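Please open the structure in a viewer and keep the sequence at hand. The tour below proceeds by selections, each followed by an account of what is to be found there.

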Amino acid sequence: LIEEELGVYLDEDALDPDATLGELQAMIDAAAGERREQGILAWPLNPAVGALRIAAWQAVVRPVAGVFYRLRVSGLEHLRGLDGPVLFAANHHLHNDNVLILSAIPLRWRRKLTVAAAADDIFGSRWRGFVAALLGNAFPMAREGAVRRSFELLGARLDRGFSVLIYPEGKLTVGGPLQPFKSGTGLVAIHGATPVVPIRLKVHRPSRIDADVQAPGRRPWRGEVEVVFGRPMRFGIDTDPNAATAEIERAVAAL
């Protein structure tokens with residue numbers, strides 16, 4: 001209503017339930033002079049950019065990843081007969097796990113796949129954000145606080161038929177354990193009417209380049225990891241978002 005009547009954009013996550021009218025007025029005054037980010041960060045979705053991305057991935061990124069990791073993939077049968085877009089929900093336990101998980105996802109899915117990347121980390125640097133958007137079709141996702149813009153970007157991609165890879169823990173935990181999932185995971189699955197495919201990255205042997213993984217003895221250059229795909233999950237519109245998030249977390253943990 002504030003947006004419609006006053007033309008001022010407020011992120012509802014900035015409003016505390018106990019906010020006074022004075023505090024609300026101060027927010028409106030502060031937002032009146034601010035420029036709202038517009039658009040959907042469309043250039044990474046361009047088919048020409050997508051073709052360049054796939055070519056670079058197949059010719060360079062995937063072969064280089066194969067030098068340092070032996071990758072095993074299981075559970076791909078759960079993707080048969082599944083129509084996109086879907087929400088791929090994975091754990092986040094290695095600095096290089098995004099490359100490994102994307103390498104495990106079949107090419108027919110990767111052609112229309114986008115990655116939710118930390119707005120304050122990956123997109124905190126203009127150069128890193130550009131590379132992530134170019135090579136991973138990434139978009140900025142706020143991990144906490146004002147998340148409305150992030151959901152707008154995510155929704156625009158689902159509307160255009162792009163599946164989304166997210167890391168529901170909201171942070172990297174090198175080597176584990178699994179951290180509690182952010183509740184926005186269930187919200188996206190429910191209101192996006194989107195099947196959720198749980199993914200578990202298992203680190204059987206870290207690579208020498210994973211210097212911050214605690215492991216006994218001298219490690220070989222080539223590590224061994226496994227990416228496991230679970231059964232797709234669907235949630236009705238009446239499902240509680242917290243319950244949906246908890247179910248997705250249990251599914252990932254069980255793989």
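A residue is called buried when its relative accessible area is under 20%, exposed when the value is over 50%, and partly exposed in between. The model on display is a predicted one.

**First stop: Leu 187**

Select residues 184-191, which form helix α8, and pick out Leu 187 within them. Is Leu 187 exposed or only partly exposed? Its relative accessibility is 33%, so Leu 187 counts as partly exposed. Now display its surroundings: leaving aside residues up to four places away in sequence, Leu 187 touches Phe 151, Gly 192 and Pro 241. For a view across the model, select Glu 226 as well. Leu 187 and Glu 226 are 39 residues apart along the chain, and 28 Å separates their C-alpha atoms.

**Second stop: the sheet**

Next, display the strands. Seven of them make up an open sheet with mixed pairing, in the order β1-β7-β6-β2-β5-β3-β4. Which strands stand at the edges? They are β1 (69-74) and β4 (138-141); each has a single partner strand, so one side of each is left without a neighbour in the sheet. Viewed along the sheet, neighbouring strands are turned against each other by 25° on average, direction ignored.

In general, the strands of a sheet pair through backbone hydrogen bonds, in either a parallel or an antiparallel manner. To examine one pair here, select β1 together with residues 223-229, which are strand β7. These two strands run parallel and are joined by six bridges. One residue pair may be highlighted: Ser 74 has Val 228 in β7 as its bridge partner.

**Third stop: Phe 68**

Select residues 47-68, helix α3, and go to Phe 68. The relative accessible area of Phe 68 is 26%, so this residue is partly exposed. What does Phe 68 touch, apart from residues up to four places away in sequence? Its contacts are Ser 207, Ile 209, Trp 221, Arg 222 and Gly 223. Add Leu 100 to the selection: Phe 68 and Leu 100 are 32 residues apart in sequence, while their C-alpha atoms lie 10 Å apart in space.

**Last stop: a surface patch**

Finally, show the molecular surface and select Trp 43, Trp 127 and Phe 130, which make a nonpolar patch of about 360 Å². Trp 127 belongs to helix α6, residues 126-136. With a relative accessible area of 60%, Trp 127 is exposed.

Notes. Residues numbered from 1 in each chain as written. Predicted model: local features only at pLDDT ≥ 70, side-chain atom pairs only at ≥ 80, totals over all residues. Heavy atoms only, no water. Pairing = 2+ DSSP bridges. Helix = DSSP H or I, 4+ residues; strand = E, 2+ residues; numbered from the N terminus. Axes fitted to C-alpha atoms, helices over the stretch in contact; angles between N-to-C directions. Patch = residues over 30% accessible without salt bridge, like charges linked within 9 Å, V, L, I, M, F, W, Y side chains within 5 Å. Areas by Shrake-Rupley, 256 points an atom, 1.4 Å probe, with all protein chains shown as cover. Salt bridge = Lys/Arg side-chain N within 4 Å of Asp/Glu carboxyl O. Buried < 20%, exposed > 50% of the residue type's maximum accessible area, 1.4 Å probe, protein only. Contact = heavy atoms within 4.5 Å.
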